[in-house]
Amino acid sequence: MNFGISILGIFCIFGGIGIAIVNRVSSKKIIGNPYLLIAGMALFVLANSFTIIPTGNTGVRTTFGQIDEATVPTGFNWKIPFVQKISLVNNKQQDLTFDTQIWSETKERTAIYYSDVTVTYQINPEKSAWIYANVSDYQNGLVQQNIVSSAIKSSSKVLSDVDATNRSMIEPLVLENLQASLNEKYGENTIIVNKVVISNTDFEESYNQAIANKQQAQLEAEQQAIINQQNVDKAEADAKVLLTEAQAKADAKMIEAQAEADANKLLEESLTNSILQEMYINKWDGVMPSVLTGDDTGFMFNVDTGNNATRTNTPASTQQSTEE
């Protein structure tokens, strides 16, 4: 817009000058040349009296080379023509890509490299004037490769071999360290790092083989641990089964012994003298004893061949004398 108004003003100025020349050499006068000159000069001055700052940018006002600390906001802004100048500062997100390999090492001191690193950052609009005044070639040298390399190296050294190649682990850590470095260099909240993307990362070939062997060994150890635990669980289960069976057998024998003891006790209590005599008679084989002595009463059973048993009161001593 400023350029268009300036061109229009220049055309008016040259038009007025042309009319003045024609009027000087010609007898026929053309009216209007002073007005064209004045309009052209006014348009040219107007074109240099304002600046429109587009969205996503801020302005930095300089007066005879002196930079104003206040940032010029987005939109229409006046300035003193030919005295002040408003320069644009891009505050949109910008991507900076580093294609070279950045070598580092892990916590286990394993060599590793990162490449195709993209840093997305933006300048804080409130700090535009400070950046413009204090950083030379800020469009290209604001986030330098050595700062990014330092952030990557300090990040990978605290990660294991497995985590150092995990983008979800390394990228946030690099962003955090890079932001801290930029804050230290330019001041807090001057440069805002939005994202760090690391497209490629790998170890040296020899280390790749070492990592593969290590991972295989870990996998085998984990599988062996699972097998060992299964064996332990099976042994414990078998022991519980055996213990249960042994306890059941012991309980069965105890019940059987108790039942036998109870039966014997019941039998002992039920055997009276009459029952014992009946049992004796039932089991007699028919042979007569020559002498049967009883208890202290001295009774003797005399059984004849006619199966008629007679009980006598003859004392055992008298019977014995008679037989003698």
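**Note on side-chain contacts, helix α7 and a surface patch**

1. Ile 52 has a relative accessible area of 41% and is therefore classed as partly exposed. The residue lies in strand β1, which covers residues 50-53. The structure discussed here is a predicted model, and the values below should be read accordingly.

2. Ile 52 belongs to a nonpolar patch on the surface, together with Leu 46, Phe 76 and Trp 78. The accessible area of these residues together is about 410 Å². Two members of the patch, Phe 76 and Trp 78, recur in another grouping: with Phe 50 they form one aromatic cluster.

3. The aromatic pairs come to 5 in number. Among them is the pair of Trp 103 and Tyr 113, whose ring centres are 5.0 Å apart and whose planes meet at 50°, a tilted arrangement. A tilted pair is one whose angle is neither under 30 degrees nor over 60. This pair links distant parts of the chain, since Trp 103 is in strand β7 (residues 102-105) and Tyr 113 is in strand β8 (residues 111-123), 10 residues apart.

4. How do the two partners of this pair stand with regard to accessibility, buried or partly exposed? Trp 103 has a relative accessible area of 37% and is partly exposed. Tyr 113, at 18%, counts as buried, because the limit for that class is under 20%.

5. Salt bridges number 3 in the whole structure. One of them joins the side chains of Arg 109 and Glu 105, with an N to O distance of 3.8 Å; the cut-off for a salt bridge is 4 Å. Arg 109 is exposed, at 61% relative accessibility, whereas Glu 105 is partly exposed, at 23%.

6. A salt bridge is also formed by Glu 171 and Arg 167, at 2.8 Å from N to O. Both residues are in helix α7 (residues 167-186), and because they are 4 residues apart, about one helical turn separates them. Glu 171 counts as buried, with 10% relative accessibility, while Arg 167 is partly exposed at 40%.

7. Asp 238 and Lys 234 form a salt bridge in which the closest N and O atoms are 3.1 Å apart. What separates these two residues along helix α8? They are 4 residues apart in that helix (residues 205-270), so the separation is about one helical turn. Asp 238 is partly exposed, with a relative accessible area of 37%, and Lys 234 is exposed, with 53%.

8. Helix α7 merits a separate point. The helix has 20 residues and spans 27 Å from its first C-alpha to its last, close to the expected 28 Å. After α7 comes Gly 187, with a positive phi near 105°.

9. Which residues of α7 are buried? They are Ile 170, Glu 171, Leu 173, Val 174, Leu 178, Gln 179, Leu 182 and Tyr 186. The list thus includes Glu 171, which is also the salt-bridge partner of Arg 167.

10. Against which elements do the buried residues of α7 pack? The helices among these are α3 (128-134), α4 (138-141), α5 (145-156) and α6 (161-164). The strands are β8 and β9 (191-203). Strand β8 is also the element that holds Tyr 113, the partner of Trp 103 in the tilted pair.

Conventions
Residues numbered from 1 in each chain as written. Predicted model: local features only at pLDDT ≥ 70, side-chain atom pairs only at ≥ 80, totals over all residues. Heavy atoms only, no water. Phe/Tyr/Trp six-rings, centres within 6.5 Å; stacked < 30°, edge-to-face > 60°. Buried < 20%, exposed > 50% of the residue type's maximum accessible area, 1.4 Å probe, protein only. Expected span 1.5 Å × (residues − 1). Contact = heavy atoms within 4.5 Å. Patch = residues over 30% accessible without salt bridge, like charges linked within 9 Å, V, L, I, M, F, W, Y side chains within 5 Å. Areas by Shrake-Rupley, 256 points an atom, 1.4 Å probe, with all protein chains shown as cover.
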